[in-house]
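Let's take a walk through this protein together, beginning at one spot in its interior and working outward. Have a look at the model first.

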Amino acid sequence: MSTSRSARPAPLAALALALVAALSACGDLHAPDSRTGAAPSPSGASSPSAPGASPYVESGADDGAPHHNENNAYRREGDMAPAHEEDARREADRIRPVLKRLWEEREWDPATVRAALLRLGYEEERVTQGGKRLGGTLTVTGMLARWEGDGYVTPEGTRVALRVQDDACVSGFVQKSNFEVRTNGPYPETGCFEPPYGH
């Protein structure tokens with residue numbers, strides 16, 4: 001003879017718990033408002049306010065992220081005085097044909113680029129370890145390393161920066177795929193060179 005019991009009490013217990021939860025829900029419901037016919041909301045519940053700007057979104061930030069502008073201040077170039085911007089454009093117009101010619105000749109190593117730009121009469125910028133400028137206006141360096149695949153690689157090419165005035169620069173690069181010359185104000189941490197991402 002079998003002594004197993006039926007499994008009926010479990011569904012009854014679940015039903016009883018659901019009934020208790022429904023009867024003890026928060027808030028008191030009242031009869032519909034006879035003037036509007038609408039059912040009032042439970043007491044103690046606040047009505048949702050109109051959606052507004054999140055307190056965590058920074059106005060003017062590209063993606064609205066908190067502290068975006070503050071975190072990216074190092075990537076913002078300084079303002080140039082109009083007269084100094086004109087000076088920078090004139091120097092950019094002298095540098096552009098040199099970088100274009102080197103790119104067409106497939107010569108983008110720093111030594112070749114430096115020699116070509118020094119022939120324009122520029123002097124290499126000299127700086128102390130503490131960052132104090134000692135003279136000269138031209139800086140020529142290799143390209144920055146960047147992450148590719150599973151490690152850093154340094155592409156062939158050269159970066160160029162020319163300090164035209166304290167508030168005006170010409171920056172550019174020449175590499176296998178292309179070249180560029182532009183004017184810009186100095187950056188807070190990197191001078192005439194645009195700083196890399198991932199500060």
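Start with Val113 and ask who it touches. Setting aside its neighbours within four places in sequence, Val113 is in contact with Leu99, Leu102, Glu107, Trp108, Val140, Thr158, Val160 and Val174. Keep in mind as we go that what you're looking at is a predicted model.

Val113 also turns up in a bigger group. The largest nonpolar core has 20 residues, and Val113 is listed among those with the most contacts inside it, along with Ile95, Leu99, Leu117, Leu138 and Val170. Which elements feed this core with two or more residues each? They are H3, H4, strand E3 (138-142), E6 and E7. The top contributor is H3, which supplies 6 residues.

So let's turn to H3. This helix covers residues 82-104, and at 1.5 Å a residue its 23 residues should span 33 Å; the C-alpha atoms at its ends are indeed 33 Å apart, so expectation and model agree. Which of its residues are buried? Asp87, Ala88, Glu91, Ala92, Ile95, Val98, Leu99 and Leu102 are. There's a rhythm to look for here: an α-helix has 3.6 residues a turn, so residues three or four places apart point the same way. As for what lies against them, the buried residues of H3 pack against helix H4 (110-118) and against three strands, E6 (158-165), E7 (168-174) and E8 (179-184). Just past the end of H3, Arg106 takes a positive phi of about 60°.

Now for the strands. Four of them make up an open sheet, in the order E3-E6-E7-E8, with antiparallel pairing. E3 and E8 are the edge strands, and each has a single partner, so one side of each goes without a neighbour in the sheet. From one strand to the next, the twist averages 15°.

You can cross the sheet pair by pair. E3 and E6 are antiparallel and pair over 5 bridges; here Val140 stands opposite Val160 in E6. Next, E6 is joined to E7 by 7 bridges, again antiparallel, and the partner of Val160 on the E7 side is Gly172. E6 and E7 form a hairpin, with 2 residues between them. The last step takes you from E7 to E8, an antiparallel pairing over 6 bridges, where Val170 has Thr183 as its bridge partner in E8. H3 packs on this sheet, touching E6, E7 and E8, and its direction makes about 170° with that of E8. H4 lies across E3, E6 and E7, and runs at about 165° to E3. As for E6, it is mostly covered, with 6 of its 8 residues buried.

Next, the aromatic rings. How many aromatic pairs are there? The count comes to 2. One of them is formed by Trp103 and Phe179, a tilted pair with 5.7 Å from centre to centre and 45° between the planes. Trp103 sits in helix H3 and Phe179 in strand E8, so this pair ties together parts that are 76 residues apart in sequence. Are these two buried or exposed? Trp103 has 29% relative accessibility, so it counts as partly exposed, and Phe179, at 22%, counts as partly exposed too. The other pair is Trp147 with Tyr152, which is edge-to-face, at 5.1 Å centre to centre with 85° between the planes. Both Trp147 and Tyr152 are exposed.

One more stop is Val127, found in strand E1 (residues 126-127). With a relative accessible area of 44%, Val127 is partly exposed. Apart from its neighbours within four places in sequence, Val127 is in contact with Lys132, Arg133 and Leu134.

Finally, step back and take in the chain as a whole. It holds 4 helices and 8 strands, and from the N terminus on, the elements run α-α-α-α-β-β-β-β-β-β-β-β. Of the 199 residues in the chain, 25% are buried. Among contacts between residues at least 6 apart in sequence, 44% join residues at least 24 apart.

Notes
Residues are numbered from 1 along each chain as its sequence is written. This is a predicted model: local features need pLDDT of at least 70, side-chain atom pairs count only at pLDDT 80 or more; totals for chains, interfaces and linings use all residues. Side-chain values use heavy atoms; hydrogens and water are left out. The expected span of a helix is 1.5 Å times one less than its number of residues. Buried means under 20% relative accessible area, exposed over 50%, partly exposed in between (1.4 Å probe, protein chains only). Contact means heavy atoms within 4.5 Å. A nonpolar core is a set of buried Ala, Val, Leu, Ile, Met, Phe, Trp, Tyr and Cys residues joined through side-chain atoms within 4.5 Å. Two strands pair if DSSP finds at least two bridges between them. Axes are lines fitted to C-alpha atoms, for helices over the stretch in contact, and angles run from 0 to 180 degrees between N-to-C directions. Rings of Phe, Tyr and Trp (its six-membered ring) pair if their centres lie within 6.5 Å; planes under 30 degrees apart count as stacked, over 60 as edge-to-face and the rest as tilted.
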